Amino acid sequence: MDWIRLTKSGKDLAGLKGKLIEVTEDELAKHNKKEDCWICIRGFVYNVTPYMEYHPGGEDELMKAAGTDGTDLFDQVHRWVNYESMLKECLVGRMAVKPIAAPKGMLPEKKVLGASAKDLTPSYDWFQTDSLITIVIYTKQKDMNAELVIVDCQDKRLRGEIIVDDHSYLVEVDLDHAVQEDLAVNIAEKVGKVEIILKKKDNIHWKMLGQPLEHHNTFIKCKDRGLFYRKCKLVSKMEVTHDTKLFCLMLPKSTHLRVPTGQHVYLKQIIAGTEVVKPYTPVLPFLPLDFKEPSHYDGAHIYLMIKIYSCGLFTQALDHLQIGNYISVSNPEGNFKKSQVQTSEDLFLLAAGTGFTPMVKLLNFALTEVSCLRIVKLIFFNKTDDDILWRNQLEQLVLKDERFEVQFILSQPSKDWVGKQGKISSSLLSEFVKRSRTDSKVLICICGPTPFAEQGVQYLKDLGYSQEEIHTFTA
């Protein structure tokens, strides 16, 4: 909030009295100190010197990109942040484009997909009846499922995205005529065919599907696609603990979206005229004790467990939303693969505070669908016993499934606490993280504040666990 105020104060943050300049690589490289720091992101150069003290990741993180092109670093850490909005008052100008000289007698090489890659590129077709429009996407994948298909139809704009490993195929069209709000998605999983079925508003013959938009019929890496948001309605808000609430958001009727286990979404709000974005991992409405997805968990809702910070700009705005208000929710992101669990025999989950959220769907998936697991153990770190999320449900789960154990560890326990106390440490982990057999396949998932996760990973490595056996949830 202090940074937003400063950007609106009229101060010359870029240091160029309102001028924009063209910046050469040599010029950019000169500005590489804390008191004079320029950074290039996607061809635009920003003077981030005044932002240093406001950067949540600290000055050292910003200095890693000082005087250079920081695009890759930025994308690794938080490509979801709207830097154009946050840093618009710091804009120095554009990078000067270097001419690329082609060797004499040679044409610059064009990147052409190899024949095999072309064969695997999805394609689409469409047909109509008097009342329906059906778009068929041939994904050429044998294991297509509902989590890999994201469809939105807003006004007359249809956007259908198919995730194929680390690539994304997009059908994006401004439809020729209006359609009704609800749409259907059918997936023939074995042959990889996806149908998007739209109902015509008027039973007239369409001459064409519509005008293709800029990224229509493209097949590119997911990380190059950019995030897409849709507005979701807040339908309920329930207290979980004294400072944490369970928000239920309803997707529009014209959206098909399933958030895969271990992935997060971004929420976007406009606060004081600036776009602010934060990642959250969806949970289930409760821990299923009979191991069937609850019937009302129908894919039309997204549940988020969010800690409300008394001085937190974003969560305070979230907490002030009224039932019926809308908030923008992005497509899912994350690099967790279910196959990591499917090949494990021992699963350990280390969570601190709301680092518990990725563990909810993971617990459900592991105990429901992974028959080779021998033990599933949650080691849950909190300050006080009032901070423990879903304590009763977790204790019930222990009684329901003999494979599941939970260990609560408190750093500031009350006098009455009889359980374990302390913070994450090598000795605590050596006590609770043990292979069930000397050769058992282990997966250890960890989520919490950055220092907790970093220390946890280091302690685990010191105890002899390999990087392949550890997955850190980060957003």
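Colleague: How many bridges join strand 15 to strand 16, and do the two run parallel or antiparallel?

Modeller: The general idea is that strands of a sheet pair through backbone hydrogen bonds, either parallel or antiparallel. In this predicted model, strand 15 (residues 229-239) and strand 16 run antiparallel and are joined by six bridges. The two strands form a hairpin with four residues between them, and within the pairing Ser 236 has Cys 248 of strand 16 as its bridge partner.

Colleague: Which other strand pairs with strand 16, and over how many bridges?

Modeller: Strand 21 (residues 301-307) pairs with strand 16 in the antiparallel sense, over seven bridges. As a landmark on the structure you can take Met 250, which stands opposite His 301 in strand 21.

Colleague: Is strand 16 largely enclosed or not, and why?

Modeller: Burial is read here from the relative accessible area, and a residue counts as buried under 20%. Six of the seven residues of strand 16 (residues 244-250) are buried, so the strand is largely enclosed by the rest of the structure.

Colleague: What is the strand order of the sheet that holds strands 15, 16 and 21?

Modeller: Seven strands form an open sheet in the order 19-18-22-15-16-21-20, and the pairing is antiparallel. Strand 19 (274-280) and strand 20 (282-283) stand at the edges, and because each has a single partner strand, one side of each is left without a neighbour in the sheet. Elsewhere in that order, strand 18 (residues 265-271) and strand 22 (residues 326-330) pair in the antiparallel sense over two bridges, with Val 329 in strand 22 as the bridge partner of Leu 267.

Colleague: Where are the edges of the open sheet of five strands, and what is its order?

Modeller: That open sheet has the order 1-5-4-3-2, with mixed pairing. Its edges are strand 1 (21-23) and strand 2 (32-33), each with a single partner strand, so one side of each lacks a neighbour in the sheet. A parallel pair is found between strand 1 and strand 5 (residues 91-95), which are joined by three bridges; there Glu 22 has Arg 94 in strand 5 as its bridge partner.

Colleague: Which strands pair with strand 12, and how many of its residues are buried?

Modeller: Strand 7 (residues 132-138) pairs with strand 12 in the antiparallel sense over seven bridges, and Ile 137 has Val 194 in strand 12 as its bridge partner. Strand 11 (residues 179-188) also runs antiparallel to strand 12, and seven bridges join the two, with Lys 193 in strand 12 as the bridge partner of Ala 188. Six of the eight residues of strand 12 (residues 193-200) are buried, so this strand is largely enclosed by the rest of the structure.

Colleague: What sign does phi of Gly 192 take, and in which hairpin is it?

Modeller: Gly 192 takes a positive phi near 75° in the hairpin of strand 11 and strand 12, which has four residues between the strands.

Colleague: What should I make of a positive phi in a residue other than glycine, such as Arg 42?

Modeller: Most residues other than glycine have a negative phi, and most peptide bonds are trans. Arg 42 has a positive phi near 50°, and its place is in the loop between strand 3 (36-41) and strand 4 (44-47). Trp 390 likewise has a positive phi, of about 50°, although it is not a glycine; its place is in the loop between strand 24 (375-382) and helix 10 (391-400).

Colleague: Are Arg 42 and Trp 390 buried or exposed?

Modeller: Arg 42 is partly exposed, with a relative accessible area of 40%, whereas Trp 390 is buried, with a relative accessible area of 9%.

Colleague: How does the radius of gyration of the protein chain stand against that of a compact globule?

Modeller: For 475 residues a compact globule would have a radius of gyration near 23 Å, and the 25 Å of the protein chain agrees with this. The C-alpha trace spans about 75 × 65 × 55 Å along its principal axes, and 46% of the residues count as buried. The protein chain has 12 helices and 28 strands, and among contacts between residues at least 6 apart in sequence, 70% join residues at least 24 apart.

Colleague: How many positive and negative side chains does the protein chain have, and how far apart are the centres of the two sets?

Modeller: There are 60 positive and 63 negative side chains, and the centres of the two sets lie 2 Å apart. The accessible surface of the protein chain comes to about 25100 Å², of which 51% belongs to carbon and sulfur atoms.

Definitions and conventions: Residues are numbered from 1 along each chain as its sequence is written. This is a predicted model: local features need pLDDT of at least 70, side-chain atom pairs count only at pLDDT 80 or more; totals for chains, interfaces and linings use all residues. Side-chain values use heavy atoms; hydrogens and water are left out. Buried means under 20% relative accessible area, exposed over 50%, partly exposed in between (1.4 Å probe, protein chains only). Two strands pair if DSSP finds at least two bridges between them. The radius of gyration is taken over C-alpha atoms; the globule rule is 2.2 Å times the number of residues to the power 0.38. Contact means heavy atoms within 4.5 Å. Accessible areas come from the Shrake-Rupley method with a 1.4 Å probe; for residues, only the protein chains shown count as cover. Lys and Arg count as positive and Asp and Glu as negative; His and the chain ends are not counted. The place of a charge is taken as NZ of Lys, CZ of Arg, CG of Asp or CD of Glu.
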